[in-house]
Amino acid sequence: MTETLGSYLFYEIAALLVLAAAVGSVGLLLRQPLIVSFIAVGILAGPSVFDIARSDAQIDLLAELGIAVLLFLVGLKLDLKLVRTLGTVALMTGLGQVVFTTVIGFAIAYGLGFGPVPSLYVAVALTFSSTIIIVKLLSDKREIDALHGRIALGFLIVQDLVVVVAMIALSALGVGAAGGGGTAAWVDVARVFGYGALMLLGVGLFVRYLANPLVAWLSRAPELLVSFALGLAALLAAAGHYLGFGKELGGLLAGVALASTPFREAIAARLATLRDFLLLFFFIALGAALDLSVLGQQVAPAIVLSLFVLIGNPLIVLAIMGAMGYRKRTGFLAGLTVAQISEFSLIFVAMGVSLGHVGEPALGLVTLVGLITIAASTYMITYSHTLYRWLEPALGLFERRTAGRAEDRTRQDMPEAADVILFGLGRYGLALAETLRASGWQVLGVDFDPVAVRYARARGFPVVYGDASDPEFVAHLPVGRARWAVAAVPAHDTGVTHADARHVLLRTLKDLGFAGRIAVAAHGERWADELAAHGADLVLRPHRDAACQAAHLIVDNDRPPSLAVADPLGQKEFAA
């Protein structure tokens with residue numbers, strides 16, 4: 001009997017994995033994030049469609065492990081030093097967006113006929129944005145270090161902190177409900193908070209005295225380090241459940257315990273795939289519990305709430321950042337990152353269902369909103385610059401007359417004139433700057449990577465922090481007196497986005513009446529021809545140019561070894 005059950009479970013898991021691979025492939029073709037495919041797999045595997053997921057106990061166990069690992073990785077990002085360095089704009093925008101979204105979302109849900117408690121759950125769920133999706137999309141577009149990217153990451157951290165507070169409050173409410181109300185309920189709540197304080201104290205002592213030396217010793221065997229991290233996450237998750245404040249918070253505290261160690265990035269990278277695998281079963285369990293007839297009844301409310309998330313959330317961020325003095329472009333691009341709800345939204349409402357606070361209709365509603373907003377916002381973020389160009393005339397309402405002062409602090413030392421304005425200070429761009437300066441040219445560097453800006457300044461270059469694809473920013477540069485504008489941005493020409501940034505710069509310089517010449521770096525003949533057609537006077541091909549130079553050096557030094565002259569400083573290459 002045991003063997004038959006084991007074989008059946010194996011067949012079931014195999015079918016679920018094959019279904020996940022098939023649906024994921026379709027999602028990849030549609031350029032959708034994995035979470036959308038996982039939710040679709042859960043619905044398809046549920047009783048309303050294929051009815052594959054029947055081993056509820058085993059799937060629920062894997063789902064709980066997935067949530068514990070997910071929250072462990074969230075805690076791993078919550079380094080206390082990082083939290084203390086949150087900028088004012090990230091803190092104000094993050095808290096403001098959470099407050100306004102909660103208030104307006106509650107009013108909309110209540111107006112749609114939901115009760116006060118379900119409306120509150122739905123409203124709070126609408127405030128969370130998916131860190132995983134946003135970081136992936138911004139990284140693919142190479143905008144993770146752009147001003148709007150750094151601000152977005154800042155208020156995502158604020159949202160993660162709100163998640164922690166919301167789950168603590170939810171656990172306390174669950175304990176109070178279990179206590180039956182009255183004095184006994186308050187005693188139970190106090191006891192849970194007391195246990196939580198003791199666990200926090202234990203984690204604090206671990207971080208202070210044991211975390212770094214222990215993790216450094218374990219890092220000698222990377223596999224053992226991963227096993228230790230998983231064991232710590234499972235241990236604290238189990239302890240949290242036993243003490244009454246939930247596996248979720250226990251897993252998160254386990255991540256916080258290792259967040260200040262120098263190996264947290266390595267641990268996070270190794271566990272990311274396991275997290276995605278285990279979260280598949282969370283969405284399968286979620287889909288198996290949903291009735292499509294219930295989902296059908298939630299279509300109209302889901303569309304209304306989705307429009308609020310897709311349009312209202314970005315406008316809230318845009319308004320807050322505009323009031324703080326940021327340009328409409330920066331606020332718009334940052335605001336698009338909150339135009340979806342996250343996996344935490346589903347986990348939060350699922351906790352409410354397990355506590356008996358809300359019913360399946362609320363969970364089905366939030367699931368539909370998740371599907372709609374994540375799918376739509378992926379395209380909105382991918383084509384954010386095109387979207388901004390379309391909507392720019394209507395966004396002036398969100399920009400103050402003094403807009404840009406918050407972004408202009410790094411421009412105080414900008415020279416009044418330069419021979420060359422060089423956009424992009426990576427290895428190639430900085431090498432260009434060094435050679436041009438050695439030839440007696442004055443070079444003004446521009447980059448949106450803070451590390452590159454600091455490094456170039458340390459080398460003695462005047463540098464301005466900013467985005468080459470921002471027309472308003474470029475207009476503030478001394479382009480009228482420059483002989484050359486050089487775009488050496490570190491693009492790999494693997495997507496449309498990178499070409500678009502250079503096209504924007506070419507068009508901006510043309511609109512400004514730039515009288516100098518323009519050089520643009522490109523990899524690949526396709527982009528080289530296209531950029532030349534759009535007005536580039538000179539197209540630099542770093543790899544091909546370097547290969548040609550190397551070939552000339554080899555030919556010039558084609559002599560017997562005894563007559564070869566060493567050139568350790570690369571003087572011939574420099575002179576060439």
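Arg459 is partly exposed, with a relative accessible area of 36%. I start there since this residue takes part in a salt bridge with Glu434, at 2.5 Å from N to O. Please keep in mind that this is a predicted model.

The pair joins distant parts of the chain, 25 residues apart. Arg459 sits in the loop between helix 20 (450–458) and strand 3 (463–465), while Glu434 belongs to helix 19, residues 427–438. Glu434 also counts as partly exposed, at 21% relative accessibility. Arg437 comes in as well: Glu434, Arg437 and Arg459 are linked in a network of salt bridges.

How many salt bridges does the structure hold? The total is four. Let me go through two others.

One is between Arg54 and Asp51, where the closest N and O atoms are 3.3 Å apart. Arg54 is exposed, at 51% relative accessibility. Asp51 is partly exposed, at 29%.

Another is between Asp276 and Arg275, with 3.1 Å between the closest N and O atoms. Here Asp276 is partly exposed at 24% relative accessibility, and Arg275 is buried at 12%. Arg275 is classed as buried because its 12% falls under the 20% cut-off.

Now to a charged residue without a partner. Lys328 is in helix 15, which covers residues 328–335. Which side chain of opposite charge is nearest to Lys328, and how far away is it? That is Glu392, 4.2 Å away. Lys328 is buried and has no salt bridge. The pair fails the criterion because a salt bridge needs the nitrogen within 4 Å of a carboxyl oxygen, and the distance to Glu392 is 4.2 Å.

As for the surroundings of Lys328, I leave aside neighbours within four places in sequence. The remaining contacts are Leu318, Tyr388, Glu392, Leu395, Gly396, Glu399 and Glu472. So that list has Glu392 in it, as a contact but not as a salt-bridge partner.

Last item, the surface. Which residues form a nonpolar patch there? They are Tyr195, Leu198, Leu201, Leu205, Tyr209 and Leu210, and together they have about 630 Å² of accessible area. Take Leu198 as one of them: this residue lies in helix 9, residues 182–218. Leu198 is exposed, with a relative accessible area of 57%. Leu198 meets the accessibility condition for a patch because 57% is over the required 30%.

To go back to the opening residue, Arg459 is in the network with Glu434 and Arg437. That is what I have on this model.

Conventions: Residues are numbered from 1 along each chain as its sequence is written. This is a predicted model: local features need pLDDT of at least 70, side-chain atom pairs count only at pLDDT 80 or more; totals for chains, interfaces and linings use all residues. Side-chain values use heavy atoms; hydrogens and water are left out. Helices (H or I, at least four residues) and strands (E, at least two) are DSSP runs, numbered from the N terminus. Buried means under 20% relative accessible area, exposed over 50%, partly exposed in between (1.4 Å probe, protein chains only). Lys and Arg count as positive and Asp and Glu as negative; His and the chain ends are not counted. Contact means heavy atoms within 4.5 Å. Patches are made of residues with over 30% relative accessible area and no salt bridge: like charges are joined within 9 Å, nonpolar side chains (Val, Leu, Ile, Met, Phe, Trp, Tyr) within 5 Å. Accessible areas come from the Shrake-Rupley method with a 1.4 Å probe; for residues, only the protein chains shown count as cover.
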